[in-house]
Amino acid sequence: MRVLGVDPGLTRCGVGVVDGAPGRPLRMVGVGVVRTPADADIGPRLLRIEQGLEEWLDLHRPDLVAIERVFAQHNVRTVMGTAQASAVAMLCATRRGLPVALHTPSEVKAAVTGSGRADKAQVGAMVTRLLRLDAPPKPADAADALALAICHIWRGAAGDRIAAALAAAPRPARTPTRTPARTPVRPAARTASPEENRL
């Protein structure tokens, strides 16, 4: 499986491509960052991110795109830019019919380092070791993108196989339920009125 990991960001959008499968050695195919100038308008910046991601998709032809799930932050401006870059990545993948997987930062950290509270330096060090690189990828956004790809190969791919197996498994035949027979309700005996008793 070939996964393109995307660490969304408006100024720096990390991208990393990893080949691998659960239980097999991982191989880095490519890593980098799509940059946009901080002083430019939002429209041209998003367009540049789209163009950059399209170039990566054309070059590496991934089977799936794994994107970091946007979570609430104190800085609203930062989270808005991250969410917009994330939406561009999802659009690029969906336009090509590629599946999109979202992973939270703690999921990625736990998958790569064993701890959901690991810092960026620990994530970079483990990515370097797992992919047998000479040095941690720079900047940290690039290392995070590779970590996203690794996380999906190890965790998401296994979940996908389980879901596919469950979908393909024959479902047991449902036993028709019988509705219990209703006991006919007999009308209550009618009491004659005093006028009828006189007749």
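Pro 139 sits in a loop of this predicted model. The loop runs between helix 4, residues 120-130, and helix 5, residues 140-168. The peptide bond that leads into Pro 139 from Lys 138 is cis. Its omega is near -5°.

Stay in this loop and turn to Arg 132, which also lies between helix 4 and helix 5. Phi of Arg 132 is near 55°. That is a positive value in a residue other than glycine. Arg 132 has a relative accessibility of 54%. Exposed means over 50%, so Arg 132 counts as exposed.

Now move to the loop between helix 1 and strand 4, where Arg 61 lies. Strand 4 spans residues 64-68. The backbone of Arg 61 also has a positive phi, near 50°. Arg 61, too, is a residue other than glycine. Is Arg 61 buried or exposed? Its relative accessibility is 57%, so Arg 61 counts as exposed.

Step back along the chain into helix 1, which covers residues 42-60. Gly 52 belongs to this helix. Its relative accessible area is 1%. The cut-off for buried is under 20%, and Gly 52 is therefore buried.

Which separation in space goes with the 37 residues along the chain between Gly 52 and Val 15? Their C-alpha atoms are separated by 9.5 Å.

Methods:
Residues numbered from 1 in each chain as written. Predicted model: local features only at pLDDT ≥ 70, side-chain atom pairs only at ≥ 80, totals over all residues. Heavy atoms only, no water. Helix = DSSP H or I, 4+ residues; strand = E, 2+ residues; numbered from the N terminus. Buried < 20%, exposed > 50% of the residue type's maximum accessible area, 1.4 Å probe, protein only.
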